[in-house]
Amino acid sequence: MKIFITGGAGYIGTHTCVELLQKGYDLVVYDNFSNSSAEAIRRVESITGKTLTLIIGDIRDEDTMMAAMEGCDAVIHLAGLKAVGESVEKPLDYYDNNVHGTLCLLRAMKINNIKTLVFSSSATVYGNPIELPFTERHPLQPTNPYGQTKLVVEEILRDLYRSDNSWKIIILRYFNPVGAHPSGLIGENPQGIPNNLMPYIAQVAIGRREFLNVFGNDYPTHDGTGVRDYIHIVDLAQGHIKALEALELPQCTPINLGTGQGYSVLDIVKAFSNASRKEVPYIIAPRRPGDIAEFYADPSFAQEFIQWSASKSLEDMCRDTWNFQFKNPDGYRL
Ligand code: NAD
Ligand code: UD1
C-alpha cells in the first residue's frame, strides 16, 4: 500500500514515516520545508534502513500535488501551521495554509480517485472544557484562529462525506504530543523560543535557557499548575497506522489520541529532572492568557474503534525528549 504524506518531514510526520516504513508501507512525502528540512527525511531513512519518495512542494500548488500523489492509495494529511500565538497575529496565513491548502488536497485526491484520508486535527477544537475528560461528543468551540482552521477543515470533511459516502476519513484529535524516537535521531525541532512546555524544559536542562516560567500556580489542580494530557510521539505515530488499518468501511469519524492521564507542569518538571539528572530551575510567573486549568482525553473510543491505546509512560516521554536534546543540543539544521 502506498501512502501520500503531506507534512511528512515535520515532527509528527517523521515519526509516522518511521512506523509506516517499518510496517512495510511505501511512502511519498510531500512537504514544502517551511518548518523542516531534507535532513529529517535522511534521518528517517537511516533509522529504518528504507527509502521513501520525497517531493518538495506546497499543498496549495494543486498541479504539482496532483502529479505527486498519482498511484497512491491513501493520504495522511499533516501539513499545516500550528502556532496558536502566531495564528492570532496572522489569521489569514493560517486559513490560507490550513484551510485553502486542505481544499487543494481534497480536490487533487478526488481527481486521482483517492478517497482514504487520515487528517491531523487537534484537541484544541474542543475549546474550554464543559465536561472532562473530553469525549469525541464534546461541543467544538475553539478559542483561537489555529483551532478554528482545524474545525473548519473537520466540517469540510463531514460535508464531503455527506455528499459522497464512499470516502473513508478518520479525523485524529491529538492531545499534547511530546518525546522523540528512542534512537535520538528525530524529535521536535522548534525554531526560536519554544512555546510548548516540554521543549522549553529540555532547553533549560541543556543550559540553552536559564529557567522555566511556570505560567500560574493558582489553578484548581492538585498543585495549582496547569494539567495536560501528554502523549509520546511514537504512540501517536502508531495511532495513524491503526487508523489507516481501520479505514476499511466508508465513514468520517473523529478520534481522540491521548492517554487519558493528566500531568501538571510541576509533575513534568520533576519527571524531566529525574530522567535527565539535571536541575530544571523555574520561577512562578503569571498565568498565560487563554490557558485553562485542565485538559485531558477520554481515550476509550480509540481503543474500541481502532484498537489503539498509548503504552508509553511519562518517564519514557522525558527520557526520550532528553536523549534527543542531548544528542542534538542545537536541534538539527533546517
Ligand atoms: P511540524 O511543523 O513539525 O510539521 C508540519 C510540516 O508541514 C512541516 O514539515 C512543514 O514544512 C510542512 N508544511 C507546512 N505547510 C505546508 C504547506 N503549505 N505545504 C507543504 N508542507 C507544508 O508540525 P507537527 O507538530 O508535525 O504537526 C503536524 C500536524 O499536526 C499539523 O497539522 C498540526 O496542526 C497538527 N497538530 C500538531 C500538534 C503538536 O503539538 N505538534 C498538536 C495537534 C495537532
Ligand atoms: C498548546 C496549544 C494547543 C496545541 C498544543 C500542542 C495554546 C493555547 N495551545 O497547548 O493548541 O495543540 O500546545 O502540544 O498554545 N507552560 C508553562 N511554561 C511554559 C510553557 C507552558 O508553564 O514555558 C504550561 C502551560 O501554561 C500549560 C502547560 O505548560 O499549562 C502546557 O503548555 P503547552 O505545552 O504550551 O501546551 P498547551 O497549552 O496545552
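Okay, so helix α9, residues 265-276, packs against helix α11, residues 314-327, at an angle of about 60°, and their axes are 9 Å apart. That angle makes α9 oblique to α11. Keep in mind that what you're looking at is a predicted model. The crossing of these two helices, α9 and α11, is right-handed. Who's making the contact? On the α9 side we have Asp267, Ile268, Ala271, Phe272, Ala275 and Ser276. From α11 we get Leu314, Cys318, Arg319, Thr321 and Trp322. If you sort the residues of this α9 and α11 contact by class, you end up with 7 nonpolar, 2 polar and 2 charged.

Now the other helix pair. Here α5, residues 91-111, sits against α6, residues 145-163, with an angle of about 20° and axes 9 Å apart. So α5 is roughly parallel to α6. The crossing of α5 and α6 is right-handed. On α5, the residues in the contact are Pro91, Tyr94, Tyr95, Asn98, Val99, Thr102, Leu103 and Leu106. On α6, the list runs Pro145, Tyr146, Gln148, Thr149, Val152, Val153, Ile156, Leu157 and Leu160. And what classes do the residues between α5 and α6 fall into? We count 13 nonpolar and 4 polar, with no charged residue.

On to the ligands, beginning with ligand 1. How many residues surround it? There are 27 around ligand 1, and the closest are Asp31, Asn35, Ser36, Asn97 and Tyr146. You've met Tyr146 already, in the α6 half of the contact with α5. As for polar atoms, Asp31 puts a polar side-chain atom 2.6 Å from an oxygen of ligand 1. Asn97 has a side-chain N or O atom 2.5 Å from a nitrogen of ligand 1. Then there's Lys150, where a side-chain N or O atom is 2.9 Å from an oxygen of ligand 1.

Ligand 2 next. Here 19 residues are in the surroundings, and the closest are Thr124, Asn213, Arg228, Arg288 and Asp291. Take Thr124: one of its polar side-chain atoms lies 2.7 Å from an oxygen atom of ligand 2. Asn176 also uses its side chain, with an N or O atom 2.9 Å from an oxygen of ligand 2. With Phe215 we're talking about the backbone, where an N or O atom lies 2.9 Å from a ligand 2 oxygen.

Hang on to Arg228 from that list, since Tyr296 brings us back to it. Where's Tyr296? In the loop between β14, residues 294-295, and α10, residues 300-306. Arg228 is 68 residues away from Tyr296 along the chain, yet their C-alpha atoms are separated by 5.7 Å. Leaving out residues up to four places away in sequence, Tyr296 touches Leu132, Pro133, Phe134, Phe175, Asp229 and Gly260.

Two of those, Leu132 and Pro133, are worth a click on the backbone. What kind of peptide bond joins them? A cis one, with omega about -5°. Pro133 is in the loop between β5, residues 116-122, and α6.

Last backbone item: Asn113, in the loop between α5 and β5. Its phi is near 55°, so to speak on the positive side, and Asn113 isn't a glycine.

That's my tour, over to you.

Technical notes:
Residues numbered from 1 in each chain as written. Chains lettered and ligands numbered in written order. Predicted model: local features only at pLDDT ≥ 70, side-chain atom pairs only at ≥ 80, totals over all residues. Heavy atoms only, no water. Axes fitted to C-alpha atoms, helices over the stretch in contact; angles between N-to-C directions. Helix = DSSP H or I, 4+ residues; strand = E, 2+ residues; numbered from the N terminus. Parallel < 35°, antiparallel > 145°, perpendicular 65-115°, else oblique. Left-handed = near helix turned anticlockwise from the far one by under 90°. Contact = heavy atoms within 4.5 Å. Nonpolar A, V, L, I, M, F, W, Y, C, P; charged D, E, K, R; others polar. Near = heavy atom within 4 Å. Polar contact = N/O pair within 3.5 Å; in protein donor to acceptor, adjacent residues only side chain to side chain.
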